[in-house]
Amino acid sequence: MPALEFDQRPKELQHLAVKGVFVCGCVERGDGSRFRAQAHAHTSKDDPYCGWICFLSPKRLSQKMLCLHELAHIISGCGHNDKYRKVLREIGGRVEDQYRKRFHLRNNPPSKCPKCKRQPTKMSETHFYCPKCDYDIYFSKKTGREISPAPWFFSGKELSLGREEQI
Ligand SMILES: [Zn+2]
Ligand SMILES: [Zn+2]
Ligand SMILES: [Zn+2]
């Protein structure tokens, strides 16, 4: 039976937002049909199977993180965007590296030195410097946010880490 009964579903997918769970193919094309990922969620409102999750193999049903990944698509109705990531974290999932938000640091330089208001010099993607004020401006690689004046001013993790590499 490629379409699972509600109580046959993995616990994570016994959720009312999930209209159905299909195993061994895509619900749209039937038993044995192939697709690229291990699983996918139908989220388009025009899709008659909106709310369904399809798995290539029943083995994957026991992968909790994969189930939560697809469930977050169904609840959010979105691809891998901010709304999706928020829902995934709320239901106890983890955002895998490849679906994390990407920050384009080079497009986000500080326009002015906060002290003298001149354009700072770019030292690297995450480090800008005002030679006049001898002022460093750093950006976090993880969040894209400014962590000025300098990471070694901060207590905890950053303090113990190297200067350029860790931010
Ligand atoms: Zn499908
Ligand atoms: Zn996904
Ligand atoms: Zn300055």
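What follows walks through two sheets, one helix and one leucine in a predicted model.

Start with the sheet that holds strand 1. It is an open sheet of three strands, ordered 1-5-4, and its pairing is mixed. Strand 1 (20–23) and strand 4 (39–41) sit at the edges with a single partner strand each, so each has one side left without a neighbour in the sheet. On average, and ignoring direction, neighbouring strands here are turned by 15 degrees against each other. Strand 1 and strand 5 (residues 52–55) run parallel and are joined by four bridges. One residue to pick out is Val21, whose bridge partner in strand 5 is Ile53.

Val21 also turns up in the surroundings of Leu4, a residue in the segment before strand 1. Leu4 and Val21 are 17 residues apart in sequence, yet their C-alpha atoms are 5.6 Å apart in space. Leaving aside residues up to four places away in sequence, Leu4 touches Arg9, Val21 and Val23. Is Leu4 buried or partly exposed? It counts as partly exposed, because it has 19 C-beta neighbours inside 10 Å, and a residue needs 20 or more to be called buried.

Next comes helix 1. This helix (residues 64–76) lies across strand 4 and strand 5, and runs at about 20 degrees to strand 4. Its 13 residues reach 18 Å from the first C-alpha to the last, close to the 18 Å expected at 1.5 Å a residue. Buried positions in helix 1 are Cys67, Leu68, His69, Glu70, Leu71, Ala72, His73, Ile74 and Ser76. And what covers them? The cover includes strand 4 and strand 5, along with helix 2 (82–90). Just after helix 1 comes Gly77, with a positive phi of about 70 degrees.

The other sheet is again open and made of three strands, in the order 6-7-8, but here the pairing is antiparallel. Its edges are strand 6 (121–124) and strand 8 (135–138); each has a single partner strand, so one side of each is left without a neighbour in the sheet. Neighbouring strands of this sheet are turned by 30 degrees against each other on average, direction ignored. Between strand 7 (residues 127–130) and strand 8, the antiparallel pairing extends over four bridges. Within strand 8, the residue standing opposite His127 is Tyr138.

How values were computed. Residues are numbered from 1 along each chain as its sequence is written. Chains are lettered from A and ligands numbered from 1 in the order in which they are written. This is a predicted model: local features need pLDDT of at least 70, side-chain atom pairs count only at pLDDT 80 or more; totals for chains, interfaces and linings use all residues. Two strands pair if DSSP finds at least two bridges between them. Helices (H or I, at least four residues) and strands (E, at least two) are DSSP runs, numbered from the N terminus. Axes are lines fitted to C-alpha atoms, for helices over the stretch in contact, and angles run from 0 to 180 degrees between N-to-C directions. Two residues are in contact if their C-beta atoms, placed from the backbone, lie within 7 Å. A residue is buried if 20 or more other C-beta atoms lie within 10 Å of its own, exposed if 12 or fewer, and partly exposed in between; C-beta atoms are placed from the backbone. The expected span of a helix is 1.5 Å times one less than its number of residues.
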